[in-house]
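Got your viewer open and a selection box ready? Let's walk through this one stop by stop.

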Amino acid sequence: MARSQSAPAANRDAAVPLYHQVYLLLLESIQRGEYGEGAKIPTEVELCKMFNVSRITIRRALDELENDKWITRAQGVGAFVNKVVPIPPAPHTMEDLFQLTDSFRTLSDSKLAGFSYVVPPPIVKKTMALTSDEKVLETIRVRSYKGTPFFYLRIFTREELGRQFTRSDVEKESLLWLLRKKIKFYSAEQAFSAILGGPDAVEYLNVPIGSALLQITWVIKDESGLVIEYVVGCARPDMYQVRNSLKLQP
């Protein structure tokens with residue numbers, strides 16, 4: 001969908017560089033759905049007219065959008081809005097959670113970036129009701145879509161359960177699916193929040209420190225109510241969305 005001719009021009013008196021103003025205006029259009037997933041955005045010449053700036057300024061703005069993975073450019077063809085990872089809605093039941101992890105396996109590539117036994121952070125220790133020096137298995141898994149990392153998970157699993165598997169086992173299959181074969185899950189709590197990325201985001205998602213991220217936390221319990229896994233996932237919001245379907249009760 002083309003941006004209207006009444007699009008705001010870049011402000012030459014502002015402290016923000018012109019190319020970054022154009023970047024922000026185009027990004028707003030993409031996030032608002034004015035240019036949908038897979039849509040072709042206007043040509044450089046058209047954008048020059050829309051924002052009343054030079055072609056060099058437009059090219060710098062497009063470079064920034066491409067570097068941030070919002071668009072893909074093809075020489076002689078144009079620039080197109082990237083698609084977010086095509087995943088199902090957020091889980092409401094344990095079965096939904098299993099289907100979500102199964103979708104991840106199908107739609108994205110996985111890399112096991114960490115496998116070690118550690119004393120967990122205080123919030124994990126408290127939630128899992130661990131003693132002060134009790135360790136857990138911490139695994140770190142990075143998910144990539146078409147070569148770009150978009151989601152990493154830090155998974156804390158009770159040591160007695162983790163010891164049943166080797167690093168090789170976990171490289172081939174997620175711990176959630178491995179554990180499902182041995183114990184019966186009963187419930188899970190999930191929470192969503194927005195955070196600013198720290199060193200982990202730089203390392204695993206290849207984004208600048210301080211980047212906005214979506215954080216999802218799952219606390220998974222067995223039939224007795226014992227917390228067996230504490231999972232923290234951090235995702236790039238430009239590539240991963242949480243969607244829910246809401247219906248009125250009859």
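Start by selecting Asn 52, which you'll find in the loop between helix 2 and helix 3. This is a predicted model, so treat everything on the tour as a reading of computed coordinates. Check the backbone of Asn 52: phi is near 60 degrees, a positive value in a residue that isn't glycine. Most residues other than glycine have a negative phi.

There's another stop of this kind. Jump to Ala 129, in the loop between helix 5 (122–127) and strand 4. Phi of Ala 129 is near 55 degrees, again positive in a non-glycine residue. Ala 129 is exposed, with a relative accessible area of 65%.

**Salt bridges around helix 2 and helix 3**

Go back to the loop of Asn 52 and show the side chains of Glu 44 and Arg 55. They meet in a salt bridge, at 2.8 Å from N to O. Glu 44 belongs to helix 2 (residues 44–51) and Arg 55 to helix 3 (residues 55–67), so the pair links parts of the chain 11 residues apart. Which partner is buried and which is partly exposed? Glu 44 is buried, at 18% relative accessibility, while Arg 55 is partly exposed, at 41%. Now add Arg 59 to the selection: salt bridges with shared partners join Glu 44, Arg 55 and Arg 59 into one network.

**Salt bridges between strands**

How many salt bridges does the structure hold? There are nine. For one that connects strands, select Arg 154 and Glu 138, whose side chains meet at 2.6 Å, N to O. Here Arg 154 comes from strand 5 and Glu 138 from strand 4, 16 residues apart in the chain. Arg 154 counts as partly exposed because its relative accessibility is 25%; Glu 138, at 9%, counts as buried.

Next, pick Lys 221 and Glu 189. Their closest N and O atoms are 3.2 Å apart, and they form a salt bridge. Lys 221 sits in strand 7 and Glu 189 in strand 6 (residues 185–196), with their positions 32 residues apart in the numbering. Glu 189 is partly exposed, with 46% relative accessible area.

**An arginine without a salt bridge**

Now select Arg 141, in strand 4. Arg 141 is buried but has no salt bridge. What is the nearest side chain of opposite charge? That's Glu 173, 7.0 Å away. Side chains of opposite charge can pair when their charged atoms come close. The salt-bridge cut-off is 4 Å, so you won't be drawing a bridge to Glu 173 here, at 7.0 Å.

What Arg 141 does have is a polar contact, side chain to side chain, with Ser 110 at 2.8 Å. Expand the selection to the residues in contact with Arg 141, leaving aside neighbours within four places in sequence, and you'll pick up Ser 110, Lys 111, Leu 112, Phe 151, Tyr 152, Leu 153, Val 170, Glu 171, Glu 173 and Ser 174.

**Into the core**

Phe 151 was on that list, and it's a good way into the largest nonpolar core, which has 26 residues. Those with the most contacts inside this core are Phe 150, Phe 151, Trp 218, Ile 220 and Tyr 240. To see what builds it, colour strand 3 (109–118), strand 4 (136–145), strand 5 (148–158), helix 8 (175–180), strand 7 (212–222) and strand 8 (227–235): these elements each give two or more residues to the core.

Stay on Phe 151 and show what it touches. Beyond residues up to four places away in sequence, its contacts include Phe 104, Leu 205, Ile 216, Trp 218, Cys 234 and Tyr 240.

Then look elsewhere: another core, of 21 residues, lies apart from this one, and Val 22, Tyr 23, Ile 41 and Val 53 are among its members.

**Last selections**

Try Ser 108, in the loop between helix 4 (94–107) and strand 3. Ser 108 is buried, with a relative accessible area of 6%. Neighbours within four places aside, Ser 108 is in contact with Arg 143, Ser 144 and Phe 150. Phe 150 is one of the core residues you selected earlier.

Finish on the cysteines Cys 48 and Cys 234. Cys 48 counts as buried, at 16% relative accessibility, and so does Cys 234, at 4%. How many disulfides are there in the whole structure? A search finds zero.

Methods. Residues are numbered from 1 along each chain as its sequence is written. This is a predicted model: local features need pLDDT of at least 70, side-chain atom pairs count only at pLDDT 80 or more; totals for chains, interfaces and linings use all residues. Side-chain values use heavy atoms; hydrogens and water are left out. A disulfide is a pair of cysteine sulfur atoms within 2.5 Å. Buried means under 20% relative accessible area, exposed over 50%, partly exposed in between (1.4 Å probe, protein chains only). A nonpolar core is a set of buried Ala, Val, Leu, Ile, Met, Phe, Trp, Tyr and Cys residues joined through side-chain atoms within 4.5 Å. Helices (H or I, at least four residues) and strands (E, at least two) are DSSP runs, numbered from the N terminus. Contact means heavy atoms within 4.5 Å. Lys and Arg count as positive and Asp and Glu as negative; His and the chain ends are not counted. A polar contact is a pair of N or O atoms within 3.5 Å; within protein, one must be able to donate a hydrogen and the other to accept it, and residues adjacent in sequence count only if both atoms are side-chain atoms.
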